[in-house]
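The following exercises concern a single protein structure. Please work through each task before reading its solution.

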Amino acid sequence: MSFYLIVRFVHIAGAILFVGGLAARQLVRSLAAKAGDVQALLAITRAAGRVERIMVIPGNTIVVVFGIILALITKAPLLGFLQGSPTNWLLVSLVVLLLGGGVVPLVFVPRGKMFEMALEEAIASGRITRELQEKLHDRTVALFHTLELAAVVFVMFLMVFKPF
């Protein structure tokens, strides 16, 4: 078994973990709006957070790190036209993934903190509050989760078809 095959296997396994985690997290999050009480909502929120920590974050890290290692092993033009190559799909993939990573501290972390504060207030009051309902239906978070999924599908498309 070659080093190349091991790296490729880990890269693909990371992609499965990442995409599976994204799907599982969104499925769990979709149940949150249907929660009948604050304790059920708390359990759903904890489950989504656990999927994020166990699958999405490690899977994303594995995909990027082992993808770069794979590109270096195969001498693929990771930086495309910046290194004089006509092949740019890897560069575009990296840019898309880096932009997606930038959304985390700019959108998901601050909005997540606001959600947590509303959740704590709801737990203290023993009911799902109006403010928590608003945070559950945050259109900005929903938009960026949709863009996140679209970006992953786009990168998968680039990996398979290598259009440029």
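**Exercise 1.** Determine whether histidine 145 is buried or exposed in this predicted model.

*Solution.* The relative accessible area of histidine 145 is 7%. Buried means under 20%, so histidine 145 is buried. Histidine 145 is found in helix 5, which covers residues 139-161.

**Exercise 2.** Identify the residue whose side chain makes a polar contact with the side chain of histidine 145, and state which residues histidine 145 touches beyond four places away in sequence.

*Solution.* The polar contact is with the side chain of arginine 25, at 2.9 Å. The residues touched are Arg25, Gln26, Arg29 and Phe108.

**Exercise 3.** Describe the largest pocket: what is its volume, and which residues lie nearest its centre?

*Solution.* The volume is about 1,300 Å³. The lining consists of 48 residues, and Arg25, Arg29, Glu52, Phe108 and His145 lie nearest the centre. Helices 1, 2, 3, 4 and 5 each supply at least two lining residues. Helix 3 gives the most, with 15 residues.

**Exercise 4.** Compare the expected span of helix 2 (residues 38-73) with the distance between its end C-alpha atoms, and locate its kink.

*Solution.* Helix 2 has 36 residues, and at 1.5 Å a residue these should span 52 Å. The end C-alpha atoms are 51 Å apart, so the two values agree. The kink, of about 40 degrees, is centred on glutamate 52. At the start of helix 2, a side-chain oxygen of aspartate 37 reaches to within 2.9 Å of the backbone nitrogen of glutamine 39. Lysine 75, with a positive phi near 60 degrees, follows helix 2.

Key: Residues are numbered from 1 along each chain as its sequence is written. This is a predicted model: local features need pLDDT of at least 70, side-chain atom pairs count only at pLDDT 80 or more; totals for chains, interfaces and linings use all residues. Side-chain values use heavy atoms; hydrogens and water are left out. Helices (H or I, at least four residues) and strands (E, at least two) are DSSP runs, numbered from the N terminus. Buried means under 20% relative accessible area, exposed over 50%, partly exposed in between (1.4 Å probe, protein chains only). A polar contact is a pair of N or O atoms within 3.5 Å; within protein, one must be able to donate a hydrogen and the other to accept it, and residues adjacent in sequence count only if both atoms are side-chain atoms. Contact means heavy atoms within 4.5 Å. The expected span of a helix is 1.5 Å times one less than its number of residues. The bend at a residue is the angle between axes fitted to the seven residues ending there and the seven starting there. On a 1 Å grid over the protein atoms alone, a cavity is a set of points where a 1.4 Å probe fits but cannot get out, and a pocket is an open set with protein on both sides within 12 Å along at least five of seven lines; lining residues have an atom within 4 Å of a point. Grid points are joined across faces, edges and corners, and a volume is the space filled by probe spheres set on the points.
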